[in-house]
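Reader: Could you take me on a close look at one part of this model, the surroundings of the ligand? I'd love to hear what sits there and how the side chains meet it.

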Amino acid sequence: MDEGKIPTQSYGILEQKQVLTDIEEIREQFLTNGYAILDAGLSGADIATIQADFDTLSQRYITHYGSDKLKSCDEYHTVRAPLLFENSDTFLRLALNPVLLEFVSSVITGSFILNQQNAITNPSRQPYNQGKWHRDLPYQHFVSSRPIAVNALYCVDDFTSDNGSTYVLPFSHLREEMPSTRYIKNHAVQVCAKAGRFIVINCMTFHTGGFNLSPLDRRAVNHLFNIPFFKQQIKIPGNLSEEGLNEKQKKILGFGFDEIQSVDAFVAQRLQRL
Ligand SMILES: O=C(O)CCC(=O)C(=O)O
């Protein structure tokens, strides 16, 4: 036994989880704690491009919809579906990040689709719409033995305790009701992560943005991936060109998961499979 180190030997154990790769290690953390940090594997130049494109897109969005209107409906700090905006290939690539997709497919059994992507700003020294405890499947009070949806919160900036990095409530994906305020005060964990990482959160894990005490905004891009039984927040097929996408990418973006329009179409589809 190495003094001062966590012991690794054990006795009386018949079964132990084996973990060989980094993704498997993060998967184990995610399944147990309800969240983990995943390095997206981006270069410094990629990280800088996302930062610049985030600001350009936010400005275009605010100009397009009008700041007063967006403020009046509490949408001022959120750009909805940035991957759908013209010339915003950066956000499409982020949603299809290969490391992220490998991770999501390791925790959601079978097919999954992108439900939504949002560019979100936690403004300096002001409240914002993600600064309250919630689940990413809101109004739901069940637990599932396997994840049915995952939030991948991309850190555009370094997430620090000073700039209001995300708080999570570990293990709360395993508990139906929201824990008491006393429990939250004692057990919430603030997750700090460098720009270029995803904070991956089980959709049933309670979490919230913190108050940003720093002089600069904290920027993030969230992605909700879920089993295809839940419809997308904003429809992607039909609003995004399929050009340049492979079959796997199209499926993840929801192509082919539209509701079947009639019984005739359903039967015709079955016949085609013969
Ligand atoms: O801004 C944050 O850190 C939290 C974001 C969040 O709550 C969400 O994406 O659901």
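Author: Happy to! By type, the shell around the ligand divides into three nonpolar, seven polar and two charged residues. Please keep in mind that this is a predicted model. Going along the chain, you meet Ile120, Tyr128, Gln130, His134, Asp136, Asn151, Leu153, Thr166, His207, Gly209, Arg218 and Asn222 around the ligand. Two strands stand out here: strand S4, residues 149-155, and strand S9, residues 218-226, each supply at least two residues of that shell.

Now zoom in on the side chains that face oxygen atoms of the ligand. Thr166 has a polar side-chain atom 2.7 Å from a ligand oxygen. For Asp136, the distance from a polar side-chain atom to an oxygen of the ligand is 3.0 Å, and for Asn151 it is 3.2 Å. As for cover, the ligand would expose 290 Å² if taken alone, and the protein buries 99% of that. The space the ligand takes up is the largest pocket.

Let me add a word on charged pairs elsewhere in the model. Side chains of opposite charge can pair when their charged atoms come close. The structure holds 10 salt bridges, and one of them joins the side chains of Arg197 and Asp39, at 3.7 Å from N to O. Arg197 belongs to strand S7 (residues 197-202) and Asp39 to strand S1 (residues 35-39), so this pair ties together parts that are 158 residues apart in sequence.

Terms used: Residues are numbered from 1 along each chain as its sequence is written. This is a predicted model: local features need pLDDT of at least 70, side-chain atom pairs count only at pLDDT 80 or more; totals for chains, interfaces and linings use all residues. Side-chain values use heavy atoms; hydrogens and water are left out. A residue is near a molecule or strand if one of its heavy atoms lies within 4 Å of it. A polar contact is a pair of N or O atoms within 3.5 Å; within protein, one must be able to donate a hydrogen and the other to accept it, and residues adjacent in sequence count only if both atoms are side-chain atoms. Accessible areas come from the Shrake-Rupley method with a 1.4 Å probe; for residues, only the protein chains shown count as cover. On a 1 Å grid over the protein atoms alone, a cavity is a set of points where a 1.4 Å probe fits but cannot get out, and a pocket is an open set with protein on both sides within 12 Å along at least five of seven lines; lining residues have an atom within 4 Å of a point. A molecule sits in a cavity or pocket if more than half of its atoms lie within 2 Å of its grid points. Helices (H or I, at least four residues) and strands (E, at least two) are DSSP runs, numbered from the N terminus. Ala, Val, Leu, Ile, Met, Phe, Trp, Tyr, Cys and Pro count as nonpolar, Asp, Glu, Lys and Arg as charged, and the others, Gly among them, as polar. A salt bridge is a side-chain nitrogen of Lys or Arg within 4 Å of a carboxyl oxygen of Asp or Glu.
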